[in-house]
Amino acid sequence: MPRGSARRAHRAARQGAPRARRRPGRARVLDRVRRLPELTVAFIPSESLISSALAADPGLLDHAFRKRIALASPVTLWSVLKTVAFSWQQDVVSQEAHELFRVSRELYGRLSTMAGHVDKLGRSIRGSVVDYNRFVGSLERQVLPSARRLSLLDESKVIADPASIEDEPRLLTAPELVGAVDED
């Protein structure tokens with residue numbers, strides 16, 4: 001029997017025969033693996049070996065793909081590795097973008113809360129200024145005139161007029177801060 005036909009006969013016998021070589025415990029091992037790879041890359045170290053195998057059996061690639069196996073020559077393996085590396089980089093960039101978005105949303109929420117506190121503090125300061133100015137007005141209109149009449153008895157001590165506060169707290173004007181205050 002010529003050598004090529006013996007090979008074909010042997011290959012045909014192997015393809016048609018049940019896979020007796022499979023290990024009985026293999027199914028249990030695979031059941032324990034949570035996530036199986038979508039594809040296994042079988043490295044064939046020579047382009048000519050793949051060409052010869054495909055010439056002898058044109059259905060070899062289809063058979064391998066049905067079994068989730070990709071036959072890879074050196075050039076093909078290089079392309080696969082570069083593609084996988086690029087996709088991993090993109091995955092890392094995507095994860096970092098999601099984290100940046102999450103942190104940005106958290107920061108915006110915190111700034112919104114802080115804007116509410118700033119507005120409340122500004123109203124409190126404004127109220128303090130109004131109360132202080134009322135106090136100064138009452139002091140100047142009612143208390144100091146009486147005190148001045150007393151000072152006529154002893155002119156060595158002069159009570160100075162208190163200064164009023166004319167400054168107002170600055171109002172929030174940034175749309176992000178004003179919007180947060182309006183929501184409260």
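**Note on salt bridges and strand pairing in a predicted model**

1. Glu 106 and Arg 102 form a salt bridge in which the closest N and O atoms are 3.2 Å apart. The model is a predicted one. The two residues belong to helix 5, which spans residues 74-151. Because Glu 106 and Arg 102 are 4 residues apart in that helix, about one helical turn separates them.

2. The accessibility of this pair deserves a remark. Glu 106 has a relative accessibility of 34% and therefore counts as partly exposed. Arg 102, at 40%, is also classed as partly exposed. Both values fall between the limits of 20% for buried and 50% for exposed.

3. A second contact involves Arg 123 and Asp 119, whose side chains meet in a salt bridge with an N to O distance of 3.1 Å. These residues also lie in helix 5, 4 residues apart, so that about one helical turn lies between them. Arg 123 is partly exposed, its relative accessibility being 48%.

4. A further salt bridge brings together the side chains of Asp 131 and Arg 134, at 3.7 Å from N to O. Here the spacing within helix 5 is 3 residues, which is again about one turn of the helix. Asp 131 is partly exposed at 46% relative accessibility, whereas Arg 134 is exposed, with a relative accessible area of 58%. Elsewhere, Glu 99, Arg 102, Glu 106 and Arg 110 are joined into one network by salt bridges that share partners.

5. The structure holds 5 salt bridges; among them are the pairs Glu 106 with Arg 102, Arg 123 with Asp 119, and Asp 131 with Arg 134. As general background, side chains of opposite charge can pair when their charged atoms come close.

6. Turning to the strands, strand 1 (residues 40-43) and strand 2 run parallel and are joined by 4 bridges. One residue pairing can be named: Thr 40 has Ile 69 in strand 2 as its bridge partner.

7. Which side chains of strand 2 are buried, and which are not? Along this strand, residues 69-72, the side chains alternate. Ala 70 and Ala 72 point to one face and are buried, while Ile 69 and Leu 71 point to the other face and are not buried. In a regular strand, side chains alternate between the two faces of the sheet. Ile 69, the bridge partner of Thr 40, thus belongs to the face of strand 2 that is not buried.

Methods:
Residues are numbered from 1 along each chain as its sequence is written. This is a predicted model: local features need pLDDT of at least 70, side-chain atom pairs count only at pLDDT 80 or more; totals for chains, interfaces and linings use all residues. Side-chain values use heavy atoms; hydrogens and water are left out. Buried means under 20% relative accessible area, exposed over 50%, partly exposed in between (1.4 Å probe, protein chains only). Two strands pair if DSSP finds at least two bridges between them. A salt bridge is a side-chain nitrogen of Lys or Arg within 4 Å of a carboxyl oxygen of Asp or Glu.
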